[in-house]
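Colleague: I should like to go through this model with you. Could we begin with the cysteines and then turn to the sheets?

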Amino acid sequence: MRANYLFTSESVSEGHPDKVSDQISDAIVDLMLSKDNESRIACETLTTTNRVVLAGEIRCKPIYDLERWPEHHGWAPGARDEIEEVVRGVVREIGYEQEGFHWAELDFANHLHGQSAHIAQGVDASGNKDEGAGDQGIMFGFACDETPDLMPATLDYSHKILQRMAADRKSGVAPFLEPDAKSQVTLRFHDGKPVAATAIVVSTQHKPGYCIKGDDANPELYAVLEAYVKSVIADVLPAELLSDETVYHINPTGSFVIGGPDGDAGLTGRKIIVDTYGGASPHGGGAFSGKDPTKVDRSAAYVTRYLAKNIVAAGLAKRCTIQVAYAIGVSEPLSLYVDTHGTGTVADDKLERAVADVAKARLGGLTPRGIREGLGLNKPIYRTTAAYGHFGRKAEGDFFPWERTDLVDDLKAALG
């Protein structure tokens, strides 16, 4: 493992077109879980200029039942209107009231339909068969000691810059900002620790005039935006990381008035590295948003983060990666792998056995049912995950239970 290097991660705001799609998809997940906590949802969202399109498969009898409401093609009376209301509400809360994308004026199309019976028969519990995984695949969890959130510092700071800017936009502190934005943080690491920020990129959509290129360019207004963004960066990053060495690129294209789904189409599941560890960890390839927790793309990624975070929180390693694998319709994981990248206080194989023991006692042996019940995932808790990362967030109430560090004592006991 290298000790001295540069590393970069990016984030995108809640107004980024892909994140608009993710938030809509997860709002649909929350809606259906609020009606029936055993709902099955695989909801994809397309956003583009004044248009939102939903597609995918669902099973939620209070909302969709072909036998009960055949005259409405399976939809309960008022259900399609409720779904549309949820979609428009998400767009309104993000803040889109622009000519090219407006919550009240956009065209909406709902192409959701019933879940495949062939998928259902493999996933559902029946007889002596436990609930199977909703798909095959590999999932990774990661934690490191670079920040108090036990997240990679480059991603943690990238997220927090945009979170602060969104809060200031909505509160009126920065009224010149619009919803779409991206950030990127490059840090220099020495002996594996971040020691300096060498480059920071922030591209934010803005009101006309706050730019240095184009027909409406106004250097004085751009200076206001630039000074504001630098002040946010200074508040988010530790002061010792910022110096004359730090290079800032703030709206490097010169103008960013047209943005969001009007500037670029958005799709659910295209920001999987932003959603996870900013490239600091491997990724199995499966997205999270729009999926109910029987889909191990989501729930197994959450539980591996939970386990990895508790290993680092327990002081058993400075960095930890965990991988699990599943087959569709099969409940038991095919493999469990733990790697502490040479930072562990015990051998990785011993730690792996301890993780397996704790998982068996607390998480049903990492079966889909065991994960869902152990973490309490069959609840409408997903809209809040769909912007600024699924990990490194504050566990509070039912939200972000995979960020708790309540396995520390169990892991230590399992190691003897």
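**Cysteines, sheets and enclosed space**

Modeller: The structure holds zero disulfides. Please keep in mind that this is a predicted model.

Colleague: How far away is the nearest cysteine sulfur for Cys 60?

Modeller: The nearest one belongs to Cys 43 and is 12 Å away, and Cys 60 is in no disulfide. The cut-off for a disulfide is a pair of cysteine sulfur atoms within 2.5 Å.

Colleague: Is Cys 60 buried or exposed?

Modeller: Cys 60 counts as buried because its relative accessibility is 0%. Cys 211 is buried too, with a relative accessible area of 0%.

Colleague: Now the sheets, please. What is the strand order in the one that contains β8?

Modeller: That sheet is open and has four strands in the order β1-β8-β9-β10, with mixed pairing. The strands β1 (5-12) and β10 (247-250) each have a single partner strand, so one side of each is left without a neighbour in the sheet. On average, and with direction ignored, neighbouring strands of this sheet are turned by 15° against each other.

Colleague: How many bridges join β8 to β9?

Modeller: There are 11 bridges between β8 (residues 177-190) and β9 (residues 193-206), and the two strands run antiparallel. As one example, Leu 177 has His 206 in β9 as its bridge partner.

Colleague: Which strands does helix α4 lie across?

Modeller: Helix α4 (residues 153-171) lies across β1, β8 and β9. Its direction is at about 155° to β8.

Colleague: Staying with β9 for a moment, what is Val 195 in contact with?

Modeller: Val 195 lies in strand β9. Once its neighbours within four places in sequence are left aside, Val 195 is in contact with Arg 188, His 190, Glu 240 and Leu 241. At 37% relative accessibility, Val 195 counts as partly exposed.

Colleague: And how far apart in space are Val 195 and Pro 333?

Modeller: From C-alpha to C-alpha they are 39 Å apart, with their positions 138 residues apart in sequence.

Colleague: What about the sheet that contains β3?

Modeller: That one is an open sheet of four strands as well, in the order β6-β3-β2-β11, and its pairing is mixed. Its edge strands are β6 (107-114) and β11 (266-267), each of which pairs on one side only.

Colleague: Do β3 and β6 pair in what sense, parallel or antiparallel?

Modeller: Strand β3 (residues 51-59) pairs with β6 in the parallel sense, over eight bridges. Within that pairing, the bridge partner of Ile 58 in β6 is Gly 114.

Colleague: Which helices pack here, and what does each one touch?

Modeller: Helix α2 (residues 79-94) packs on the sheet and touches β3 and β6, and its direction makes about 125° with that of β6. Helix α1 (residues 17-35) lies across β2 (40-48), β3, β6 and β11, and runs at about 150° to β2.

Colleague: A change of topic: how many cavities of 30 Å³ or more are there?

Modeller: The count comes to two. The largest cavity holds about 90 Å³ of space.

Colleague: Which residues are closest to the centre of the largest cavity?

Modeller: They are Met 139, Phe 140, His 283, Gly 284 and Ala 301, out of 13 residues that line it.

Colleague: Which element gives the most to that lining?

Modeller: Strand β7 gives the most, with three residues. Both β7 (137-144) and α8 (296-313) supply at least two residues of the lining.

Colleague: Now for the backbone. What is phi at Asn 251?

Modeller: Phi of Asn 251 is near 50°, a positive value in a residue other than glycine. Asn 251 sits in the loop between β10 and α6 (260-263). With a relative accessible area of 3%, Asn 251 is buried.

Colleague: Where is Leu 366 placed?

Modeller: Leu 366 is in the loop between α9 (348-362) and α10 (368-375). Its phi is positive, about 65°, although Leu 366 is not a glycine. Leu 366 is buried, with a relative accessible area of 4%.

Colleague: Which residues of α10 are buried?

Modeller: In α10, the buried residues are Pro 368, Gly 370, Ile 371, Arg 372 and Leu 375. What covers them includes α8 and β12 (319-326). Just after α10, Gly 376 takes a positive phi of about 70°.

Key. Residues are numbered from 1 along each chain as its sequence is written. This is a predicted model: local features need pLDDT of at least 70, side-chain atom pairs count only at pLDDT 80 or more; totals for chains, interfaces and linings use all residues. Side-chain values use heavy atoms; hydrogens and water are left out. Two strands pair if DSSP finds at least two bridges between them. Axes are lines fitted to C-alpha atoms, for helices over the stretch in contact, and angles run from 0 to 180 degrees between N-to-C directions. Contact means heavy atoms within 4.5 Å. Buried means under 20% relative accessible area, exposed over 50%, partly exposed in between (1.4 Å probe, protein chains only). On a 1 Å grid over the protein atoms alone, a cavity is a set of points where a 1.4 Å probe fits but cannot get out, and a pocket is an open set with protein on both sides within 12 Å along at least five of seven lines; lining residues have an atom within 4 Å of a point. Grid points are joined across faces, edges and corners, and a volume is the space filled by probe spheres set on the points.
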